[in-house]
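The following exercises concern a predicted model. Please work through each task before reading its solution.

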Amino acid sequence: MSKFVADVGGTNIRLAQLENGTLCHIKKYLCSSYKTIGAVIGAYITEFPDVDFTAGCLGVACPVNGDVISMTNNDWQFSISQLQAELGLDWLGVINDFTAVAYAVTVLSNQQKEQVGQGHANDLDNIAVFGPGTGLGVKHLTHTSQGWLALDGEGGHVDFAPVDEVDIAIWKFLTDKLGHASAEEVLSGRGLVHIYQAIAKYKGLLAPLDEPADITERALDGSCALSVATLSQFCKILGSFAGNLALNLGTRGGVYVGGGIAPRFTNFIKQSDFRARFEAKGRFRDYVAGIPTFIITEPDHGLIGAMAYLNQNCKG
């Protein structure tokens, strides 16, 4: 008997088997090449005719609110119970892809994450996980008698809370442009562009770049002062937001940054004011100073999180 996990995005689906607590036989498929999710998982399973798959867990890039799952960025729709029957599985778990990221942090080794600043994580204490990418995913984890439990919410859409004068200029820029300034509008790919445009307006500069990757590239190679200022401010805001999450649930188990953006410039974050802003909580500075912050550097964290969820919840 064997188990599998999948990380299902809008463009690609990655699958892997579980073997002695580790991932193996990782394969990637193009979603558009298959009419249904059952077809692509079935194709993976048939590649291993000698393996008897009995359970699986899927991390999917869309809401998971019931039996019927509708993918956000492709046209797949499926019933969890029907897919389980189609694949002949005894157990099938389906979780949101960022829920998988959250469960991953409970099993990551020191080689799969990079600590930023001081602090020490307490085992089994609350954990916060967030990730700037296309949007801003946020999860908290708490430990129960049944194991880790991810707490649902929409923390990426809370109000953006400015701290310094540049933050205020960004807040005003977003309010004028969108009518509201949320955390996701600064801590995301488009958020980088918003910060870039806002600082340019604040300083009376031209803002010729409109792609997050271009801004990041020019910041990292030091070829554009405005891009450097943008990425530096992004890191400050990242730290402030991380500190707010630490306060929300007393996350003495740590605060983790995942997503598709931050791991690309871990060293820049470590040299920035990220940690200083994390700890800049007035009378509660000492409270957050002992809480560690980490950047998730493991590229397979989605699959690892699905594995952690499966191992905790599927006892067969």
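**Exercise 1.** Determine which residues touch the most other members of the largest nonpolar core.

*Solution.* Step one: establish the extent of this core, which has 47 residues. Step two: identify the members with the most contacts inside the core, namely F130 and I170. Step three: ask which element supplies the largest share of the core; α7 does, with 10 residues.

**Exercise 2.** List the residues in contact with I170, leaving aside its neighbours within four places in sequence.

*Solution.* Step one: set a cut-off, here heavy atoms within 4.5 Å. Step two: apply the cut-off to I170, which gives F160, V186, I195, A198, Q233 and I237. Step three: look beyond this core; a second, separate core has 30 residues, among them C57 and A150.

**Exercise 3.** State the order of the strands in the open sheet of six strands and name its edge strands.

*Solution.* Step one: read the order, which is β8-β13-β12-β9-β10-β11, with mixed pairing. Step two: find the strands that pair on one side only; these are β8 (113–116) and β11 (147–151). Step three: consider the twist, for which neighbouring strands of this sheet are turned by 25° against each other on average, direction ignored.

**Exercise 4.** Describe how β8 is joined to β13, and which strands α7 lies across.

*Solution.* Step one: count the bridges between β8 and β13 (residues 293–296); there are four, and the two strands run antiparallel. Step two: take one bridge as an example, in which K113 has I296 of β13 as its partner. Step three: place helix α7 (residues 225–249), which lies across β9, β10, β11 and β12 and runs at about 150° to β9.

Key
Residues numbered from 1 in each chain as written. Predicted model: local features only at pLDDT ≥ 70, side-chain atom pairs only at ≥ 80, totals over all residues. Heavy atoms only, no water. Pairing = 2+ DSSP bridges. Axes fitted to C-alpha atoms, helices over the stretch in contact; angles between N-to-C directions. Core = buried A, V, L, I, M, F, W, Y, C linked by side-chain atoms within 4.5 Å. Buried < 20%, exposed > 50% of the residue type's maximum accessible area, 1.4 Å probe, protein only.
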